[in-house]
Structure formats: C-alpha cells, structure tokens
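Me: Please take a close look at the salt bridges of this structure and at how the parts they join relate to the rest of the chain. I am new to this structure, so a connected account would be welcome.

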Amino acid sequence: MKVIALVDCDSFFVSCEQKVNPELKGKPVCVLSNKDGCVISRSKEAKKMGVRMGQPYFLAKDEFPDAIYVSCHHDLYGEISEDVMAVLREFSPNVQVYSVDEAFVELTGLKRLYKKNYLELAQFIREQIKEKIDIPVSIGVSSTKTLAKLASDKAKKTDTGVYMIANKKIMPELQNTKIEEIWGIGKNLTVLFKKAGILSAADLVAKEDVWLDKKVGIRALEMKHELLGEVVSPVVNEEKLPKSIQKTSAFGIFTSDLDFIKNQLNYHIHSACRKLRKIDCKAQTIGVMLRTKDFRVVYEKKMLSAPTSFEMEISDIAFELLQKIYSPSVVYRSTGIILDNLCSNSEEQLFLFSDDVLDSKKEKLSKCFDKLEAKFGKDIVQIGFVKEK
C-alpha cells in the first residue's frame with residue numbers, strides 16, 4: 001500500500017509576511033491582491049474577526065479597521081515556497097508540487113528509515129519546516145492523493161496540524177464527509193450528485209461504476225476508487241521548466257526619469273537571474289517591457305547566440321533594448337524583464353568558439369552572489385549601472 005502526504009502551508013501569503021516581519025505574528029493580518037484590490041489571504045486572527053476571502057479592500061478597511069492590510073509580494077512567496085519544497089525533498093525523492101503552497105509527498109517505506117510511524121513522521125516533517133523555514137503547515141496522510149487532501153483539510157482543524165486516514169478508518173471518514181467536501185467536486189457536480197441522492201462520500205463510493213461513467217465520466221470513476229484507497233494518480237516528481245521567467249511591477253509613481261526606470265529594471269533583472277540559477281537554467285532570449293501611464297505596452301527583445309544566466313551580461317543587453325523603446329516625452333508606470341527560450345544547464349548545447357575561462361568566471365561570480373544572499377539576505381547584492389556622459 002502506498003502512503004501519501006499532502007503538505008499544505010497555512011494562510012501561506014500571510015505566513016510569508018509574518019516570516020519577514022515577525023511583529024505581524026499573532027495579529028489580524030490580510031494580504032491584498034495586486035493593486036490592493038481585495039483580500040487574498042488571512043491570518044486566523046483576521047478570519048476570527050470576520051474578514052472574508054475576496055472581500056474588496058475598500059469595504060474591508062471600513063468594516064474591519066483594526067485589521068492590518070499588506071500588499072502582496074509574489075516574488076517573496078515564490079522563493080519561500082521553493083525553500084519549503086526543498087525541505088520536503090530532504091525527506092523523500094518523490095515530491096509533486098501541486099501549487100505554490102501545496103505538495104504531495106510519497107512516504108511509502110520511510111518509517112523504517114526514520115524509525116517513526118507515518119503519523120510521527122508527518123509531525124516531524126511539520127516541525128522541520130517550521131524550524132528551518134518558519135512557515136506553519138498542515139499535513140494529511142493516507143493511501144491516495146484524494147484521501148490525503150481530505151486528511152489535510154481535517155488537519156487544519158486539529159491542534160497538532162496532522163491528520164491520518166488509515167485504511168481501516170476510510171469508510172467511517174467517508175460517512176462523515178459531505179459530497180461537496182471532496183477534492184475536485186465543484187458546485188455543478190454537487191448539484192448533480194445531490195439530485196441523485198448522493199449526499200456523502202460514502203454514497204459516492206457505493207454508486208455503480210456504470211452510472212458514474214454515464215453521468216459524469218472517467219473523473220468520477222477515478223474519484224471513487226481513490227476514495228476507496230486505490231491509487232489512480234501516483235505522486236510524480238517530474239519538474240517541468242517554466243516557459244519563461246517574467247519579473248515586473250508598477251512604479252510607486254508615474255515617471256519619465258530614465259535612471260529611475262533603469263534602477264527598477266535592474267531590480268527585476270537581479271530577481272529573474274536569481275530564479276534562473278535556482279532552477280539551473282539559462283535564457284537565450286531577453287525581452288524588456290515598458291508600460292505607459294495610459295497602459296500602452298512597448299516591448300523589444302533580442303535572441304542571443306548562446307544562452308546565459310549571467311546578470312551583468314543580461315543587464316547590458318536589457319539596457320540596450322530599453323534605449324530602443326524609451327522616450328523622454330512619455331510618462332511610464334512600470335517596466336519588466338522577460339527571459340525566454342530557457343534551457344537546462346545539463347542539456348545546454350556547447351559552442352565551438354565559446355570562452356570556457358570567461359564562462360567559468362561568470363559562473364563563479366554568480367554563485368558568489370547567491371552565497372552572499374543566502375548568508376546576509378535577499379538583495380544584499382545590487383548590480384548598478386554607469387550613467388552615460
């Protein structure tokens with residue numbers, strides 16, 4: 001039998017903000033969407049206060065003035081997510097990242113290695129993530145992904161943050177699970193099932209395969225067998241390269257100042273290159289974007305003869321592209337960098353006339369940047385630019 005855990009970060013965006021600003025811990029904190037549109041993450045204190053998910057900010061701040069509202073920082077959340085996943089990979093070679101704050105982990109056979117039962121192992125993993133990353137997580141453990149998801153939802157309601165559905169407890173759990181609580185069942189399916197008298201997960205698994213296939217399709221059959229503890233969807237740890245890396249954000253002010261725009265672009269280049277190195281990739285196409293005050297977008301890109309992840313090289317090219325699309329008579333609201341045509345370093349094509357010595361120096365310098373930031377914090381190293389005379 002397989003043993004699968006679903007690790008789910010609690011109020012992830014809020015937890016990330018509390019990690020970098022410990023003064024927010026224990027307070028009613030809400031993270032807002034882009035441009036502070038609505039609430040997208042709440043601390044347990046904010047939930048208790050009554051702040052609703054998706055509530056518009058202009059309504060929330062009037063109704064709940066004592067809550068603390070924080071603008072989102074998606075780059076930060078992505079980096080902390082990668083740190084959490086790295087801890088999971090220390091425990092198991094089979095980790096499937098499901099979303100920025102969730103991952104399935106196969107624990108089969110690991111209790112012998114760690115000399116703990118699976119419930120104790122899940123608790124240990126939770127403690128390690130909290131200790132190393134300072135992010136709270138809930139962990140559900142069972143024999144399939146669907147049951148592990150159900151267990152993780154129940155884990156959030158426990159003091160330990162861990163819940164296990166053993167094979168002997170599957171049917172009692174299904175009898176106490178409403179049909180709408182099953183992973184993958186939305187409003188339309190809920191209505192269809194309830195019309196057919198299927199009110200609980202136990203009712204679903206009792207339904208004939210022929211009826212489920214005819215009324216819903218293969219997905220319903222897979223759901224039924226996963227709920228019965230039969231693995232239909234195994235944990236797959238294949239990591240796909242992103243198609244591109246884009247880093248952009250709006251300025252705090254509208255501006256035509258070229259030096260200001262260059263500094264903002266440099267910040268994005270640094271962040272994008274750090275991401276490239278983290279996934280062990282290089283980019284062969286560099287693109288620069290400018291968005292005007294009236295939301296018009298201008299864009300220029302360049303294809304390189306050889307891919308690179310070296311920050312200074314990318315900066316030089318990006319500034320050349322910026323000069324092509326920049327106009328001093330136009331007011332801008334944002335800029336960004338787009339790195340495209342990514343390739344893994346392990347699959348990089350070698351070039352006959354490449355300078356191996358120079359490439360080695362670039363790689364060493366880049367690693368030096370990463371080590372400094374790992375030791376002293378993000379953005380401790382900043383690449384500047386020389387003003388034209």
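Reply: In this predicted model, the side chains of Asp83 and Lys278 form a salt bridge, and their closest N and O atoms are 3.5 Å apart. The two residues belong to distant parts of the chain, with Asp83 in helix H4 and Lys278 in helix H13, 195 residues apart. Asp83 counts as partly exposed, at 30% relative accessibility. Lys278 is likewise partly exposed, with a relative accessible area of 45%.

Lys278 has a further partner in Glu82, and here the closest N and O atoms are 3.4 Å apart. Lys278 lies in helix H13 (residues 258-278) and Glu82 in helix H4 (residues 74-91), so this pair ties together parts that are 196 residues apart in sequence. Glu82 is also partly exposed, its relative accessible area being 21%. The contacts extend to one more residue: Glu82, Asp83, Lys275 and Lys278 are linked in a network of salt bridges. As a general matter, side chains of opposite charge can pair when their charged atoms come close.

How many salt bridges are there in total? The count comes to 19. One of them joins Glu106 and Lys2, at 3.1 Å from N to O. This pair too links distant parts of the chain, since Glu106 is in strand E6 (residues 102-106) and Lys2 in the segment before strand E1 (4-9), 104 residues apart. The two partners differ in exposure: Glu106 is buried, with a relative accessible area of 12%, whereas Lys2 is partly exposed at 40%.

Helix H4, which carries Glu82, also leads to the interior. The largest nonpolar core has 37 residues, and those touching the most other members are Leu88, Leu107, Ile129, Ile135 and Ile139. At least two residues of this core come from each of E1, helix H1 (12-20), strand E2 (29-32), H4, E6, helix H6 (118-133) and strand E7 (137-142). H4 gives the most, with eight residues. Another core, of 29 residues, lies apart from this one and includes Leu290, Ile325, Tyr326 and Leu342. In soluble globular proteins, nonpolar side chains tend to be buried together.

Strand E7 deserves a word of its own. Six of the six residues of E7 are buried. Val137, Ile139 and Val141 point one way from E7, while Ser138, Gly140 and Ser142 point the other way. In a regular strand the side chains alternate between the two faces of the sheet. Beyond its neighbours within four places in sequence, Ile139 contacts residues including Ala5, Val7, Ile125, Ala155 and Tyr163.

Which strands pair with E7? E1 does so in the antiparallel sense, over six bridges, and Ile4 has Ser142 of E7 as its bridge partner. Strand E8 (residues 162-164) runs parallel to E7, joined to E7 by three bridges, with Ile139 standing opposite Val162 in E8. Between E7 and E8 the chain passes through helix H7 (residues 145-155), and this β-α-β crossover is left-handed.

A last charged residue offers a comparison. Lys224 has its place in helix H12 (residues 218-227). Is Lys224 buried or exposed? Lys224 is buried, because its relative accessible area is 9% and the limit for that class is under 20%. Leaving aside neighbours within four places in sequence, Lys224 is in contact with Leu204, Val205, Lys207, Glu208, Asp209 and Leu212.

Definitions and conventions: Residues numbered from 1 in each chain as written. Predicted model: local features only at pLDDT ≥ 70, side-chain atom pairs only at ≥ 80, totals over all residues. Heavy atoms only, no water. Helix = DSSP H or I, 4+ residues; strand = E, 2+ residues; numbered from the N terminus. Buried < 20%, exposed > 50% of the residue type's maximum accessible area, 1.4 Å probe, protein only. Contact = heavy atoms within 4.5 Å. Salt bridge = Lys/Arg side-chain N within 4 Å of Asp/Glu carboxyl O. Core = buried A, V, L, I, M, F, W, Y, C linked by side-chain atoms within 4.5 Å. Pairing = 2+ DSSP bridges. Right-handed = clockwise from strand over helix to strand, strands pointing away.
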